[in-house]
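The following exercises concern the nonpolar core and the charged side-chain pairs of a single model. Please examine the sequence and the coordinates before reading the solutions.

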Amino acid sequence: MPEQAFVLVKVKSGSSEQVEDQLADLPGVRLSHSVMGPYDVVVFVEGPNINSLRDMIMKKIQTIPGVRHTTTLLVI
């Protein structure tokens, strides 16, 4: 069974749409939605193992221009 997580993303003001577009193109991203509240985008990701999730979050999601902060919730 693949590892799964929800990633809560805070973005720079006015960049939610651009960030969500880039997230949708990443392999492993299953859902991405702009939301209202303390976070701007919620992403559901899958990977074959925890290391692949770590790499996706740290090397792909967190490096998207406009992303200010992420919080990861691992599915158990």
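Three exercises on this predicted model follow, each with a worked solution.

**Exercise 1.** Identify the residues with the most contacts inside the largest nonpolar core, and the elements that give two or more residues to this core.

Solution. The largest nonpolar core has 17 residues. Those with the most contacts inside it are V7, V9, L23, V43, V45 and I61. Two or more residues of this core come from each of β1 (3-11), α1 (16-24), β3 (41-47) and α2 (50-61). For I61, neighbours within four places in sequence are set aside; its contacts are then V7, L23, L26, V45, M56, V67 and T70.

**Exercise 2.** Locate the partners of the salt bridge between R30 and E46 along the chain, and classify the exposure of R30.

Solution. The closest approach of the R30 and E46 side chains is 3.1 Å, N to O. R30 belongs to strand β2 (residues 29-34) and E46 to strand β3, 16 residues apart, so the pair links distant parts of the chain. The relative accessible area of R30 is 48%, and R30 is therefore partly exposed.

**Exercise 3.** Determine how R54, D55 and K59 are linked, and classify the exposure of each.

Solution. The structure holds three salt bridges. One of them joins D55 to R54 at 3.3 Å, and another joins D55 to K59 at 3.9 Å. R54, D55 and K59 thus form a network of salt bridges. K59 and D55 are both in helix α2, four residues apart, about one turn of the helix. With exposed meaning over 50%, K59 at 57% is exposed, whereas R54 at 42% and D55 at 28% are partly exposed.

Methods
Residues numbered from 1 in each chain as written. Predicted model: local features only at pLDDT ≥ 70, side-chain atom pairs only at ≥ 80, totals over all residues. Heavy atoms only, no water. Core = buried A, V, L, I, M, F, W, Y, C linked by side-chain atoms within 4.5 Å. Buried < 20%, exposed > 50% of the residue type's maximum accessible area, 1.4 Å probe, protein only. Contact = heavy atoms within 4.5 Å. Salt bridge = Lys/Arg side-chain N within 4 Å of Asp/Glu carboxyl O.
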